[in-house]
Each structure stands twice: as structure tokens, then as C-alpha cells.
Amino acid sequence: MLYFIFYRFAMNSKSGLVYMWISFEMVINIIMTILYGYVYLSIFTAFFIGNIRRPVGFYIMYGLHIGFTVISTGAGFFVELNLFLSQLPFVVLTILAVVLLPLTLYSKNKRENLEGQLETANERIAELIVFEERQRIARDLHDTLGQKLSMIGLKSDLASRLIERNPQQALIEIKDIRQTASIALKEVRELVSDMRTAKFEDEIMRISQILKAAEMEFVFEGDKNALQVPPLVENVLSMCLKEAVNNVVKHSGATKCEIAFHQNFKEVYLVVRDNGQGITKKQAWRTGNGLKGMRERLEFINGSFKIESVEGTTLTVTIPVAITHQNVKDNLKNI
């Protein structure tokens with residue numbers, strides 16, 4: 001009765017006192033084994049030890065229990081030899097149970113715990129994948145619609161100014177607005193169906209249109225057909241260019257925008273420079289989703305960008321070519 005009282009206390013204990021109650025059980029096991037040959041109580045103790053979660057506590061109590069069981073059984077043979085010989089098979093089975101049962105239960109509980117952690121981790125990964133996909137769609141929508149809507153706004157202002165002095169030119173601008181709206185709608189549909197990949201060459205053409213509509217001088221340096229990178233990297237580079245020019249049109253107050261591009265065996269460089277009012281580093285990092293999305297895209301392919309403000313603003317995007325292919329593959333595997 002005393003043994004099962006201690007067992008009950010051990011079951012209900014939520015602190016380090018559980019080891020004290022198990023120790024009391026071991027003492028009763030020793031006494032009952034030596035005096036009466038009641039080895040079977042040690043099986044209950046072994047079962048309880050197998051359910052201990054902490055590795056250090058488990059192995060200490062497991063080792064002590066085996067040692068005390070073997071010692072008390074050996075001492076019992078000297079005290080009551082005939083009694084122990086008559087139940088020798090049961091004694092051997094009990095000792096085997098004391099050795100094997102805790103290890104089996106501990107391994108089973110550990111495996112179930114790991115399976116639970118793995119299931120939780122998989123659920124978390126699934127949530128992160130969904131979150132990342134939402135972030136990607138948000139960035140793409142911002143960059144795609146932002147540029148097109150800016151162009152529509154600029155052309156609308158231009159058309160309103162021309163409608164009285166040059167109605168024919170105003171009509172052309174209105175047609176361009178309609179065409180730009182149709183392109184925006186098409187791109188959004190492709191984005192939703194995950195079919196859109198922005199081409200750098202096409203983006204340069206769109207950039208020239210929006211800068212013309214904003215009445216800014218456009219200068220391009222480099223060979224846009226010389227880009228030799230995977231489609232994903234080209235898409236990121238195009239989106240960065242789109243966002244950079246959007247910021248120039250919206251915030252710089254510039255009259256001229258220069259874009260320089262070149263690629264060597266080490267890196268791809270994209271430079272967007274304007275002669276506007278400039279921007280401080282603090283203001284750059286406080287800018288909204290545009291630069292944040294650009295930074296996230298570039299980090300995905302191990303790229304980077306920096307902003308300088310000397311006689312305007314200069315944004316330089318750098319993407320290492322040597323590790324571009326492998327880095328993209330590794331990031332896709334991680335996702």
C-alpha cells in the first residue's frame with residue numbers, strides 16, 4: 001500500500017520531487033525483494049521511469065533502478081535461497097523487463113515527441129511558404145501596377161494640358177493611356193496565374209515610355225541584349241529597375257534619368273541616376289514597400305543595392321554572377 005501511495009504521488013508530481021518519490025519506490029522494492037521475494041514491484045517502477053522525459057533524469061534513475069534490482073535479487077538468494085530458486089524464471093524475466101522496458105518506453109516517447117515536432121515544423125514551413133508567396137505577389141503587384149498607374153496619371157495630366165492647344169496630340173496620349181491600362185490588366189492576370197517573367201529588354205522600353213510621359217530626358221548606357229543570367233535573376237533585375245524609375249518619377253523632381261548596365265565575369269551592375277533633389281540614407285530606409293521589396297528580392301539571389309545622394313540620387317544594384325545559378329537553386333530548395 002505504501003508503494004502505490006508513493007507511485008501515485010510520483011504520477012501527480014510536476015517538479016523535481018518526482019525523483020524523490022521514485023527513490024522511495026526503489027527502497028520499498030529492495031525491502032520487499034529481500035524479505036519476501038516480491039520482485040514484481042520493480043516492473044511498475046521501471047514502467048514509470050520509462051516515461052521520464054528529461055534525458056539526464058531518465059538515465060540516472062534507470063541506472064540506479066537496474067543496480068538496486070540486481071543487488072537486491074542477489075541478496076535475496078542468500079537470504080531465501082529456496083524461495084528464489086522456486087521462482088527463478090519469473091525473477092529472470094523481471095530483471096529483463098527492468099532492463100528493457102524503460103529503454104523501450106523512453107525511445108517510443110522520444111520518437112513520438114520528434115514526430116510531433118516534425119509535424120509542427122512542417123505546418124510552420126507551410127505557413128511560411130504561404131506568407132512568402134503572399135509577400136511575392138504583393139511586391140509584384142506593387143511594382144507592376146505602380147509603374148503603369150504612374151504612367152496613366154502622367155499621361156492624363158499631359159493630355160489635360162494638351163486638349164486645348166493640341167487636341168490631336170491629346171488624343172494620341174489618351175490612346176496611350178488606354179493601351180497602358182490594357183497592358184497593366186494583362187500583367188496582373190499573368191501575375192495571378194504565376195506566368196509573368198519580366199524581360200530586361202522589355203522593361204527598358206517601358207521605362208523609356210514612362211520617362212517620356214514624365215517629360216524627363218532618358219539616357220541609357222550598355223548593351224541590354226548582353227544580359228546572360230537565369231530567368232529568375234532577369235526578373236528580379238527588371239523589377240528593381242521598374243521600382244527605381246518609379247521612385248525617380250514620383251519623388252525626385254528630376255529632369256534627367258540615366259540608366260547604366262553592364263555585366264562582367266564576376267557581377268551584374270545596374271545604375272539608376274537622376275539629377276533631382278536627392279534622398280538621405282535615413283529617408284531611403286524609411287521608404288515604403290518599394291525599396292523593401294527590392295531588398296528582399298535581391299537578398300534571395302544574394303544581390304544588394306546601395307543609394308547615394310550627390311547632385312541627385314544614384315541607386316546601384318549589384319548581383320554576383322559567379323554564384324547566381326547555384327545560389328538560386330539553393331534558395332529554391334530551402335523554400
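**View 1. Phe58, Tyr59, Tyr62 and Tyr106 come together as one aromatic cluster.** This is a predicted model, in which local features need pLDDT of at least 70, side-chain atom pairs count only at pLDDT 80 or more, and totals for chains, interfaces and linings use all residues. Residues are numbered from 1 along each chain as its sequence is written, and side-chain values use heavy atoms, with hydrogens and water left out. In total, the structure holds 10 aromatic pairs (rings of Phe, Tyr and Trp, the latter by its six-membered ring, with centres within 6.5 Å).

**View 2. Here are Tyr59 and Tyr106, an edge-to-face pair.** Their ring centres are 5.8 Å apart, with 65 degrees between the planes; planes under 30 degrees apart count as stacked, over 60 as edge-to-face and the rest as tilted. Tyr59 sits in helix α4 (residues 55-79) and Tyr106 in helix α6 (residues 88-165), so the pair ties together parts 47 residues apart in sequence. Helices are DSSP runs (H or I, at least four residues), numbered from the N terminus.

**View 3. How buried or exposed are Tyr59 and Tyr106?** Tyr59 is partly exposed, at 48% relative accessible area, while Tyr106 is buried, at 7%. Buried means under 20% relative accessible area, exposed over 50%, and partly exposed in between (1.4 Å probe, protein chains only).

**View 4. Let's turn to the lining of the second largest pocket, where α1 gives the most, with 3 residues.** A pocket is an open set of points on a 1 Å grid over the protein atoms alone, where a 1.4 Å probe fits, with protein on both sides within 12 Å along at least five of seven lines; lining residues have an atom within 4 Å of a point.

Notes. Helix = DSSP H or I, 4+ residues; strand = E, 2+ residues; numbered from the N terminus.
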